[in-house]
Amino acid sequence: MSSARGWVQGYNAQAIVNQHQIVLACEVSQDTGDVQLYQPMTATLERTLTAAGIQNEVELVLADAGYWSEDNTTSPGPDRLIATLKDHKQRRAARELGQTSGPPPPDATPIEEMEHLLRTPQGAAAYAQRSRLIEPIFGDRKHNRGIRSFRRRGLSAVRSEWAFMHLAGNTLKLYQHRAATATA
């Protein structure tokens, strides 16, 4: 991967979680940016849900500004809210421009449409959940579990390691949920 300091053997690790912070799909690539990974990740999610026999439709995808592109916002698939700016800039712009309501204007460009949706009360409330849902997963792996780098080398091996980390995390979360409901 290319970095600010030159080339490194590095990986871009992705994950999609549900409202209970269960990792439903994960992937690793050597792409330096996230923008080209949005559609492959949503396709991975669909394959995972199908393989698990889950037929419920994905209602809404929440993605940060790293995934913003016109292509990602207009591609087929579930409804989505993709930030058009970094979080702090998005919040500042929403404060300055105020809330909107109703559907976007019919002549809005994709970026204007997304910004309109993000400034509706429903869009703002939904997008506010993004960091509460996904960031703790990455924080848990890095800080609580001490996983700051991959131990294996090669893309295939790293993909397996990343999937195994989430399998273990999901299993622990499900065990804790079952233990909590058994005593309640």
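Trainee: Is Y38 buried or exposed?
Mentor: In this predicted model, Y38 has a relative accessibility of 4%, so it counts as buried.

Trainee: And how many aromatic pairs does the structure hold?
Mentor: There are 4 aromatic pairs in the structure. One of them is formed by Y38 and Y67, whose rings sit 6.4 Å apart centre to centre with 65 degrees between the planes, which makes the pair edge-to-face, because an angle over 60 degrees counts as such.

Trainee: Which parts of the chain does that pair link?
Mentor: The pair joins distant parts of the chain, 29 residues apart: Y38 belongs to helix α1, residues 38-51, while Y67 lies in the loop between β5 (60-63) and α2 (70-74).

Trainee: What about Y67, buried or exposed?
Mentor: Y67 is buried, with a relative accessible area of 14%.

Trainee: Switching to F138 and W162, why is that pair called tilted?
Mentor: The ring centres of F138 and W162 are 5.7 Å apart and their planes meet at 40 degrees, so the pair is tilted; that angle class covers what is neither under 30 degrees, which is stacked, nor over 60, which is edge-to-face.

Trainee: Where do those two sit?
Mentor: F138 is in helix α5 (residues 121-144) and W162 in helix α6 (residues 155-183), so this pair, too, links distant parts of the chain, with the two positions 24 residues apart in numbering.

Trainee: Which of them is buried, and which is partly exposed?
Mentor: F138 counts as partly exposed at 25% relative accessibility, whereas W162 is buried at 5%.

Trainee: Which residues form the aromatic cluster?
Mentor: Y11, F138, F150 and W162 form one aromatic cluster.

Key. Residues are numbered from 1 along each chain as its sequence is written. This is a predicted model: local features need pLDDT of at least 70, side-chain atom pairs count only at pLDDT 80 or more; totals for chains, interfaces and linings use all residues. Side-chain values use heavy atoms; hydrogens and water are left out. Rings of Phe, Tyr and Trp (its six-membered ring) pair if their centres lie within 6.5 Å; planes under 30 degrees apart count as stacked, over 60 as edge-to-face and the rest as tilted. Helices (H or I, at least four residues) and strands (E, at least two) are DSSP runs, numbered from the N terminus. Buried means under 20% relative accessible area, exposed over 50%, partly exposed in between (1.4 Å probe, protein chains only).
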